[in-house]
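Biologist: Before we begin, could you show me the model, and then take me through how one reads a metal site from coordinates?

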Amino acid sequence: MHGNERQTRRGFTLVELLVTVTVIGIIVAMAMGALMTAQETAREQRTRAVISKLHTQLMSRWETYQTRRLPMPQFSGQAPGQYAIERLKAQRELMRLELPERWSDVTDPNNPGDPVIISTLTEMPALSEAYLRRYNSNTLNGQPIQPSVEFEDAECLYMIVSMGSDDSMSGPRINPSDIADTDQDGMPEFVDGWRRPIRFLRWAPGFLPGPPYNWQSSPQGLPPGMTGTGDAALTDLQTGNWVDDHDPFDPMRLDSPGSTVLPAVLANDPWRGYRLMPLIFSAGSDGIQGIARAVQNVTFDYSATTPLANDPYSKSADNSTALTRMMGSPYDEEGNDGNYEHLDNITNHALEVR
Ligand SMILES: [Ca+2]
Ligand SMILES: [Ca+2]
Ligand SMILES: [Ca+2]
Ligand SMILES: [Ca+2]
């Protein structure tokens, strides 16, 4: 007893102090961990909410293209398929101009500030002219500035939603706190829960949520790590199946293998003509998109896709390899280590099938 009393008077022993410090350390780490997890969850939820709103607004516009009047040349005397393929081409050109995903959809990349080159439509859509005016009148701190290519897809998405909300676009409005100009070029973007731009591909034929595979060398093959059929790797919105789930904008199924009205080289391509869904996505907590959208620093121009202009299924070399892939294909963006950075992305496709 005497010993204990002396100990109490002395205060903590060194061992007790160390144990106490360690326990406090563990408690703080656990609390920090829980706080971080809660913070990440809140960021994810916020991101889902914004993407969900954007999806609703964009899809209300998307659906109008099936019935929109198209300014296109008069046709007479041609085979029935000829008018239909011209209409499909005009439809795709209109979608490209009214739903831009890169500055080359807004202005001629060879002559920035000039209108884009149109190939099928006989007049420029008013909305496209409005985008070009916005592009040409862009300022930062009162000084004229050309918008930068960085985050051009995110900036185009903002332009589409903010300039189109009065007519064909309906749905919940986006909170002003979800808008920022991340790259400081005068053109705002919608931002995710991590305050990074929300990315956009109008046409993302190569997109799949699971691990990537090479669509060109094994178009029907099973992606590594996936079970079921190859199609099952895709989202319910974009099945990759042109037979059972054909592009609804192409009711005569002219964009399909064996087509007599497509350029011959495309008519032999077994991997096109399926339903496409725009891709709106956040890069997720890692901040890396891991999604191919053409080679960095090289302008991809849909007016110059060959042999068919404005071809949604056209391929581009991706950023990591010499492989050519369809837009939206996942790829190993960092480290070339088999860890795919798109897997933590938050997309409108995943929200829809949830
Ligand atoms: Ca920019
Ligand atoms: Ca910007
Ligand atoms: Ca990511
Ligand atoms: Ca990686």
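**Reading two calcium sites**

Modeller: This is a predicted model, and in it the calcium ion (ligand 3) has as protein donors Ala 283 (O), Asp 286 (OD), Asp 286 (OD), Ile 288 (O), Glu 341 (O), Asp 344 (OD) and Asn 345 (OD1), which lie 2.2 to 3.1 Å from the ion.

Biologist: How are the donor residues of the calcium ion (ligand 3) spaced in sequence?

Modeller: Their spacing reads A-x2-D-x1-I-x52-E-x2-D-N.

Biologist: Which residues coordinate the calcium ion (ligand 4)?

Modeller: Asp 332 (OD), Glu 334 (O), Asp 337 (OD), Asn 339 (O) and Glu 341 (OE) do so, at 2.2 to 2.5 Å, and the sequence spacing of these donor residues is D-x1-E-x2-D-x1-N-x1-E. Glu 341 thus appears in the descriptions of both ions, giving its O to ligand 3 and its OE to ligand 4.

Biologist: Is Glu 341 buried or exposed?

Modeller: A residue counts as buried under 20% relative accessible area; Glu 341, at 8%, is therefore buried, whereas Asp 337, at 43%, counts as partly exposed. Asn 345 is buried as well.

Biologist: Where does Asp 286 lie, and what does it touch?

Modeller: Asp 286 sits in the loop between β6 (279-282) and β7 (315-317) and, at 34% relative accessibility, is partly exposed. Leaving aside residues up to four places away in sequence, Asp 286 touches Arg 196, Glu 341 and Asp 344, while its side chain reaches the backbone nitrogen of Ile 288 at 2.9 Å. The C-alpha atoms of Asp 286 and Trp 194 are separated by 9.6 Å, although these residues are 92 residues apart along the chain.

Methods
Residues numbered from 1 in each chain as written. Chains lettered and ligands numbered in written order. Predicted model: local features only at pLDDT ≥ 70, side-chain atom pairs only at ≥ 80, totals over all residues. Heavy atoms only, no water. Donors = N, O, S within 2.8 Å, 3.2 Å for Na, K, Ca; no water. Buried < 20%, exposed > 50% of the residue type's maximum accessible area, 1.4 Å probe, protein only. Helix = DSSP H or I, 4+ residues; strand = E, 2+ residues; numbered from the N terminus. Contact = heavy atoms within 4.5 Å. Polar contact = N/O pair within 3.5 Å; in protein donor to acceptor, adjacent residues only side chain to side chain.
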